[in-house]
Number of protein chains: 2
Amino acid sequence: MYISMSRLLLPEEHVAELLDAFKNRAHLVDGAEGFVELEVWHSDREPGEVIMVSRWGTKAAFTAYMKSADHQVSHGRIAPTLQSVIKLDRLDHLHTYEVVAR
Amino acid sequence: MYISMSRLLLPEEHVAELLDAFKNRAHLVDGAEGFVELEVWHSDREPGEVIMVSRWGTKAAFTAYMKSADHQVSHGRIAPTLQSVIKLDRLDHLHTYEVVAR
């Protein structure tokens, strides 16, 4: 199992808008080859911190999706004002992991 | 669903020992009230980075476990030499989240 994690930090007043964007997402990724699950985590200690975690059967499936048109379309749907505050405060661009134990 | 995440950074030569410790863990947490799952993630870009993610039905279940004797026993089983290199290089102590969207 392969994990992709993006950690976002944004002004607290924009968090509800970001979470709404996730709840109304296009679900294009759900049909991607090797896609398992996407979760959005909201910190209960740092109100402006939101983490997006996606699961993939293999690293190859993840990298293929990242190069796909669907991925471009998904990002294009995010409102420009929201996109700009996320970009400014982004802590970590992207981290990837193998699940090695349970 | 409530998430607890600990991000560890340690010298690369100690990673195999840490992962073995997880694979041979006592599984005391598995019986805790409200415990859902524990996963260990190993970065494929930063070889010394290991993340421990546990899932709980509620925040209350997680905080109750953290105060329990079982939690103390689990940590006591980690070899002192391994414990010392983890402590020195720990990036983030503990982060907690609510799963807010899928």
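Chain B and chain A bury about 2,800 Å² between them, with 51% of that area on carbon and sulfur atoms. Welcome to this predicted model, in which chain B can be laid on chain A by a turn of 180 degrees and a shift of 0.0 Å along the axis, with an RMSD of 0.0 Å. The two copies are thus related as by a two-fold rotation axis. Both copies use the same surface, since 97% of the contact residues of chain B recur in chain A. The points below start with the interface and then turn to the residues and pairs that are worth finding in the structure.

**Where the chains meet**

- The contact draws 34 residues from chain B and 33 residues from chain A.
- Trp41(B), Tyr97(B) and Arg102(B) are good residues to look for: they supply 24% of the area that chain B buries against chain A, more than any other three residues.
- Between chain B and chain A the count is 4 salt bridges.
- Polar contacts add to the picture, with 14 residue pairs found across the interface of chain B and chain A.
- On the side of chain B that touches chain A, at least two residues come from each of β1, α1 (15-23), β2, β3 and β4 (92-101) of chain B.
- Strand β4(B) gives the largest share of that side, 9 residues.

**A residue to visit: Glu49(A)**

- You will find Glu49(A) in strand β3 (residues 49-56) of chain A.
- Glu49(A) has a relative accessible area of 0%, so it is buried.
- Leaving aside residues up to four places away in sequence, Glu49(A) touches Arg7(A), Leu8(A), Leu9(A), Trp41(A), His42(A) and Ser43(A), as well as His95(B) and Tyr97(B).
- Towards chain B, the side chain of Glu49(A) is joined to that of Tyr97(B) by a polar contact of 2.5 Å.
- Within chain A, the side chains of Glu49(A) and Arg7(A) meet in a salt bridge (2.9 Å, N to O).
- Glu49(A) lies in strand β3 and Arg7(A) in strand β1 (residues 2-9) of chain A, so this pair ties together parts that are 42 residues apart in sequence.
- Arg7(A) is buried, just as Glu49(A) is.

**Salt bridges around Arg55**

- Over all chains, the structure holds 10 salt bridges.
- One of them brings together the side chains of Arg55(A) and Glu39(B), at 2.7 Å from N to O.
- Arg55(A) lies in strand β3 of chain A and Glu39(B) in strand β2 (residues 35-43) of chain B, so the pair joins two chains.
- Both partners, Arg55(A) and Glu39(B), are buried.
- In chain B, Arg55(B) forms a salt bridge with Glu37(B), where the closest N and O atoms are 3.5 Å apart.
- That pair links distant parts of the chain, with Arg55(B) in strand β3 (residues 49-56) and Glu37(B) in strand β2 of chain B, 18 residues apart.
- Arg55(B) has a relative accessible area of 6% and counts as buried, whereas Glu37(B) is partly exposed, with a relative accessible area of 24%.
- Salt bridges that share partners also join Glu37(A), Arg55(A) and Glu39(B) into one network.

**Aromatic pairs**

- The structure holds 11 aromatic pairs over all chains.
- Tyr97(A) and Trp41(B) form a tilted aromatic pair, 5.7 Å centre to centre and with 40 degrees between the planes.
- Since Tyr97(A) lies in strand β4 (residues 92-101) of chain A and Trp41(B) in strand β2 of chain B, the pair joins two chains.
- Tyr97(A) and Trp41(B) are both buried.
- Another tilted pair is made by Tyr2(B) and Phe62(B), with 5.8 Å centre to centre and 45 degrees between the planes.
- Here Tyr2(B) lies in strand β1 (residues 2-9) and Phe62(B) in helix α2 (residues 59-66) of chain B, so the pair ties together parts that are 60 residues apart in sequence.
- Tyr2(B) and Phe62(B) are both buried as well.
- In chain A, ring pairs link Tyr2(A), Phe35(A), Trp56(A), Phe62(A) and Tyr65(A) into a cluster.

Notes. Residues are numbered from 1 along each chain as its sequence is written. Chains are lettered from A and ligands numbered from 1 in the order in which they are written. This is a predicted model: local features need pLDDT of at least 70, side-chain atom pairs count only at pLDDT 80 or more; totals for chains, interfaces and linings use all residues. Side-chain values use heavy atoms; hydrogens and water are left out. Copies are superposed by least squares on the C-alpha atoms of residues with pLDDT of at least 70 in both. Contact means heavy atoms within 4.5 Å. Helices (H or I, at least four residues) and strands (E, at least two) are DSSP runs, numbered from the N terminus. Buried means under 20% relative accessible area, exposed over 50%, partly exposed in between (1.4 Å probe, protein chains only). A polar contact is a pair of N or O atoms within 3.5 Å; within protein, one must be able to donate a hydrogen and the other to accept it, and residues adjacent in sequence count only if both atoms are side-chain atoms. Rings of Phe, Tyr and Trp (its six-membered ring) pair if their centres lie within 6.5 Å; planes under 30 degrees apart count as stacked, over 60 as edge-to-face and the rest as tilted. Buried area is the accessible area (1.4 Å probe) that two parts lose on being put together, summed over both.
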